[in-house]
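Me: Could you take one part of this structure and walk me through it slowly? I'm in my first year, so plain words would help.

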Amino acid sequence: MAKVLARDLYGPKVAARVPAGWQAPEYRRLSLEPLTPTIGAEVSGVDLGHVDDELADELHWALTEWKVLFFRDQQLDREAHAALVTRDGEVIDHPFAKHTEVYGADQSDTAPGAMRFVKGEKSVGIENFWHHDMTFLARPPMVTALRALEVPPVGGDTLWADMAAAHDCLPEDVCERIADLWAEHDWYDNYGRSMSPELREAVRPEFPAVRHPVVARHPVTGRRVLFVTRAFTQRIIGLSETESDDLLEMLWAQADRSEYQCRFRWQPDSVAIWDNRACQHYAVSDYAPQRRVMERISGDGPPPSH
Ligand code: SIN
C-alpha cells in the first residue's frame with residue numbers, strides 16, 4: 001500500500017448519511033432535528049415509556065438512518081428501558097459489571113442486564129476513549145440505550161462517531177487493503193487491569209479473545225463500517241506487530257475526526273439510543289467531583305460479518 005498522506009486522511013470530508021440506494025421511510029410519528037449531516041438526531045413528540053409496534057418500527061428506521069437518537073424528559077421504568085434494545089435481540093448482561101472492582105458501582109439495584117455508572121464523587125469517568133461497546137464478545141451489542149439519572153450542571157457530555165462515514169472517506173487503496181482483514185478483540189488489557197490477578201484468571205476461560213472483521217457489513221443496511229476500537233482491538237490477524245500497530249493507529253484515529261462526530265449535552269431524564277455497530281462513543285470525563293449517574297442497557301445482534 002502506498003504511504004497514506006495527511007491530505008488523503010484530513011482533506012475535505014464528504015460523507016453520506018445512508019448508503020447509496022437506501023431510503024429511510026417517511027416518519028409519521030417522529031419529529032427529527034439533526035445534530036450533524038450524517039450522525040445524531042434529537043427526537044421530539046415521543047414517549048419512550050409507551051412504544052407501540054408502529055412507533056418501534058419508526059424508531060428502528062430512524063436509528064438506522066441517524067445512528068444515534070436523543071430524547072428529552074423521558075420517565076422510563078426498567079422494562080421500558082430494556083424494550084428499547086430488544087427489538088431484534090436479547091439483553092446482554094455485562095460480564096464484568098457485577099465485579100465492583102472493575103466498574104465501581106453497585107449494580108444490585110438495577111434491572112437485569114442494566115449497568116449503572118456512578119461517577120464524579122468517588123471515581124472519575126473512565127469511558128473517555130472511543131469505543132464500540134463490548135466488542136470482546138462474539139455477539140457485541142447491536143443497540144444500546146443510556147439514560148441520565150443525575151447530571152452535573154455542565155460537563156459530562158457524550159460524543160458519538162459515525163464509523164460508516166469514516167470508512168467511506170478512507171483512501172481507496174486503504175479500503176481495498178482492509179476489506180478482508182480480521183482483528184482480535186479482547187477485554188484482558190482493559191478491564192483486566194482493574195481486576196485482581198485471581199479474578200482475571202478466573203474469568204478468562206469463559207471470555208477468550210474473539211475475532212471480528214476490520215470492516216463489518218451493517219446488519220440492516222449492508223453498509224461497510226469500520227469496526228476496530230482503541231478499547232478492545234488488540235491486533236490485525238496475519239500482519240506483523242508493527243504493521244498491525246501502524247494500521248490500527250491510523251484506523252482508530254478516524255473516530256477523532258470532528259466531521260464524523262456529534263456531541264450531546266445531557267439533562268436528567270435524557271435518553272440516547274445508539275446503533276453500536278455503526279458508531280463509537282466517548283464519554284467526556286470533565287465533571288469530577290460533581291456527580292453523574294447513568295444507566296445503560298444493551299441488546300445483542302448477529303455476529304459481525306464481512
Ligand atoms: C459508555 O461508555 O457506554 C458510557 C457513556 C456515557 O456514560 O456517556
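What follows is a close look at one residue and its surroundings. Where does Lys67 lie, and what does it touch?

Reply: Before we dive in, keep in mind that this is a predicted model.

Let's start with the address. Lys67 sits in the loop between helix 2 (53-66) and strand 3 (68-71). Is it buried or exposed? Its relative accessible area is 2%, so Lys67 counts as buried, the cut-off being under 20%.

Now for the side chain. One of its polar atoms lies 2.8 Å from the backbone oxygen of Arg17. The side chain of Lys67 also makes a polar contact of 2.9 Å with the side chain of Asp162. If you set aside residues up to four places away in sequence, the residues Lys67 touches include Arg17, Thr38, Ile39, Ala62, Asp162 and Arg223. The list also has Ile273, Trp274, Asp275, Ala278 and Cys279. Several of those names will come back, so let's follow them outwards.

First, the sheet that strand 3 belongs to. It is an open sheet of seven strands in the order 1-2-3-13-5-15-4, and the pairing is mixed. Strand 1 (31-34) and strand 4 are the edges; each has a single partner strand, so one side of each has no neighbour in the sheet. On average, neighbouring strands here are turned by 25 degrees against each other, ignoring direction. Helix 2 lies across strand 1, strand 2 (41-44), strand 3, strand 5 and strand 13, and runs at about 120 degrees to strand 3.

Asp275, one of the residues Lys67 touches, takes us further into this sheet. Asp275 is in strand 13, and Val143 stands opposite it. Strand 13 (residues 271-275) and strand 5 (residues 141-150) run antiparallel and are joined by five bridges.

At the edge, strand 4 pairs with strand 15 (residues 292-300) in the antiparallel sense, again over five bridges. Within that pairing, Lys119 has Arg292 as its bridge partner. You might expect an edge strand to be out in the open, but four of the five residues of strand 4 (residues 115-119) are buried, so this strand is largely enclosed by the rest of the structure.

Next, back to Lys67 and its contact with Asp162. That leads us to strand 6 (residues 158-162), which is joined to strand 14 by five bridges, the two running antiparallel. Both belong to an open sheet of three strands in the order 12-6-14, with antiparallel pairing. Strand 12 (261-264) and strand 14 (279-283) are the edges, each with a single partner strand, so each has one side without a neighbour in the sheet. The twist from one strand to the next averages 20 degrees. Across the pairing of strands 6 and 14, Trp160 stands opposite His281.

Cys279 is another residue that Lys67 touches. Why isn't Cys279 in a disulfide? The closest cysteine sulfur, in Cys262, is 7.6 Å from its own, which is too far for a bond. Cys279 is buried, with a relative accessible area of 0%. The structure as a whole holds zero disulfides.

Gln280 is in strand 14 too. The C-alpha atoms of Gln280 and Lys67 are 9.8 Å apart, although 213 residues separate them along the chain. Gln280 is buried as well, with a relative accessible area of 1%. A polar atom of its side chain lies 3.2 Å from the backbone nitrogen of His131. Leaving out residues up to four places away in sequence, Gln280 touches, among others, Trp130, His132, Trp160, Met163 and Val228.

One last step outwards from strand 6. Together with helix 5 (163-168), helix 6 (172-178), strand 10 (224-226) and helix 8 (241-252), strand 6 is among the elements that each supply at least two residues of the largest nonpolar core. That core has 29 residues, and Leu170, Ile178, Val214 and Leu251 touch the most other members. Helix 8 gives the largest share, five residues. Beyond its neighbours within four places in sequence, Ile178 is in contact with residues including His167, Leu170, Val214 and Leu247. There is also a second, separate core of 27 residues, which includes Trp22, Ala41, Leu48 and Leu63.

Notes:
Residues numbered from 1 in each chain as written. Predicted model: local features only at pLDDT ≥ 70, side-chain atom pairs only at ≥ 80, totals over all residues. Heavy atoms only, no water. Buried < 20%, exposed > 50% of the residue type's maximum accessible area, 1.4 Å probe, protein only. Pairing = 2+ DSSP bridges. Disulfide = S-S within 2.5 Å. Axes fitted to C-alpha atoms, helices over the stretch in contact; angles between N-to-C directions. Core = buried A, V, L, I, M, F, W, Y, C linked by side-chain atoms within 4.5 Å. Contact = heavy atoms within 4.5 Å. Polar contact = N/O pair within 3.5 Å; in protein donor to acceptor, adjacent residues only side chain to side chain.
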